[in-house]
Amino acid sequence: MKKILLITTVCTFLIACASCGKDEPLPKPPVDNPAVTQSTEEAETASAETQTENVPGETSAPSEAAQPDETTEEAQDAPDATQAAASDGQTAQTAAAPVATKAPASQTPSKSQEATRAQETTRAPEATKAPAQNDFYAPPPPVYDIPGLTYITDPNTGVKILLASKSYSMPADFAPGLEDVTLEYFNKMQSDAAAQGLYLQLSSGYRSYYDQQIVYGGYVYDVGSDVADTFSARPGYSEHQTGLVIDLNSIDDSFGYTPEAAWVAEHAHEYGFIIRYPDGMEGITGYKYEPWHIRYVGSEVATEIYNRQTCLETYLGLPNSEYSGAYTG
Ligand SMILES: [Zn+2]
């Protein structure tokens, strides 16, 4: 693990998987999704409709467009704890136990105390397609009872999913490291891919709030926050901070043209992973297509999303991933 963490840290500075590092300040999202555990009191906005679409493959780079959407996920971050802290407020205050007590990976969503907050929504995600069968079962990821984290209960599977996007941040002290379950199922996937002559490498995994802060801060210094937001995540908003994300192989657009990418697209769900930022959904996910960025959600949820060929926001009925305000870090 430590090696991985070190590697990850190093990679942080070399890579910029946008979504990975995005984060926004606290402005909480307009979520209204009942299932969302966090308490956004305010937010009740109405709709969580996501549907915006976007241009398919946008480029990642720091183009400046002010739109956060197409950014790549990098790990940036910057701001500081301030926002994180602040964000907490907005976010789930539900949770109670501070600090990273992580729940056992195997733990089922139900056991988490948060069940309370996590109200089950009735809403049934769009499609109706029956989930495909997996060759084996990859359990749901751990659930933490920590203030500042936002979970939503998937009505189809009962699994609690930690939200991390431009709309949902995490506190600075949430530092789970790369989750054991993430690594375990990546290893299984890697082995099965190897049996077919395919090579999958873990190029970037866990990234702490502070790692992201350094990266994002550097971009802000160089090009300003408006531009930085288009390709880098603010600290506290990078999905890599969840410990549930892995960037594969080259971490650039070229990966999408490899046989490995094609195999991952068809089989990652069997191991509990989803391609977090699908092609053509930039306006919804907030990041350009990143075939290398996979997020662990467990095989039940991953299969549902795979069957619908959609993204996490749309599947859960969440609003589009976007920062609620300018960077103030
Ligand atoms: Zn990534």
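Me: I'd like to read strand β6 in this model. Which residues of β6 point one way, and which the other way?

Reply: Start with the general idea: side chains in a regular strand alternate between the two faces of the sheet. In this predicted model, strand β6 covers residues 293-296, with H293 and R295 pointing one way and I294 and Y296 pointing the other way. All of them are buried.

Me: Good. How do I read the pairing, and in which sense do β4 and β6 pair?

Reply: In general, strands of a sheet pair through backbone hydrogen bonds, and the sense is either parallel or antiparallel. Here strand β4 (residues 245-248) and β6 pair in the antiparallel sense, over 3 bridges. You can follow the register residue by residue: D247 stands opposite H293 in β6, and V245 stands opposite R295 in β6.

Me: And how many bridges join β5 and β6?

Reply: Strand β5 (residues 273-275) pairs with β6 over 3 bridges, in the antiparallel sense. I275 has I294 as its bridge partner in β6, while F273 has Y296.

Me: Back to β4. Are its residues buried or exposed?

Reply: Both faces of β4 are covered. V245 and D247 lie on one side, I246 and L248 on the other, and all are buried. Strand β4 also pairs with strand β3 (residues 202-204), antiparallel again, over 2 bridges. There, S204 stands opposite D247 in β4.

Me: Let's put the strands together. What is their order in the sheet?

Reply: It is an open sheet of 4 strands in the order β3-β4-β6-β5, with antiparallel pairing. The edge strands are β3 and β5, each of which pairs on one side only. From one strand to the next, the twist averages 45°.

Me: Which strands does helix α3 touch?

Reply: Helix α3 (residues 180-194) packs on the sheet and touches β3, β4 and β6. For its orientation, compare directions: that of α3 makes about 120° with that of β6.

Me: One residue outside the sheet, please. Why does V215 count as buried?

Reply: The idea is to count neighbours: a residue is buried if 20 or more other C-beta atoms lie within 10 Å of its own. V215 counts as buried because it has 28 C-beta neighbours inside 10 Å. You will find V215 in helix α4 (residues 209-223).

Me: What separates the C-alpha atoms of V215 and R234?

Reply: Here you can set distance along the chain beside distance in space. V215 and R234 are 19 residues apart along the chain, and their C-alpha atoms are separated by 8.9 Å.

Notes:
Residues are numbered from 1 along each chain as its sequence is written. This is a predicted model: local features need pLDDT of at least 70, side-chain atom pairs count only at pLDDT 80 or more; totals for chains, interfaces and linings use all residues. A residue is buried if 20 or more other C-beta atoms lie within 10 Å of its own, exposed if 12 or fewer, and partly exposed in between; C-beta atoms are placed from the backbone. Two strands pair if DSSP finds at least two bridges between them. Axes are lines fitted to C-alpha atoms, for helices over the stretch in contact, and angles run from 0 to 180 degrees between N-to-C directions. Two residues are in contact if their C-beta atoms, placed from the backbone, lie within 7 Å.
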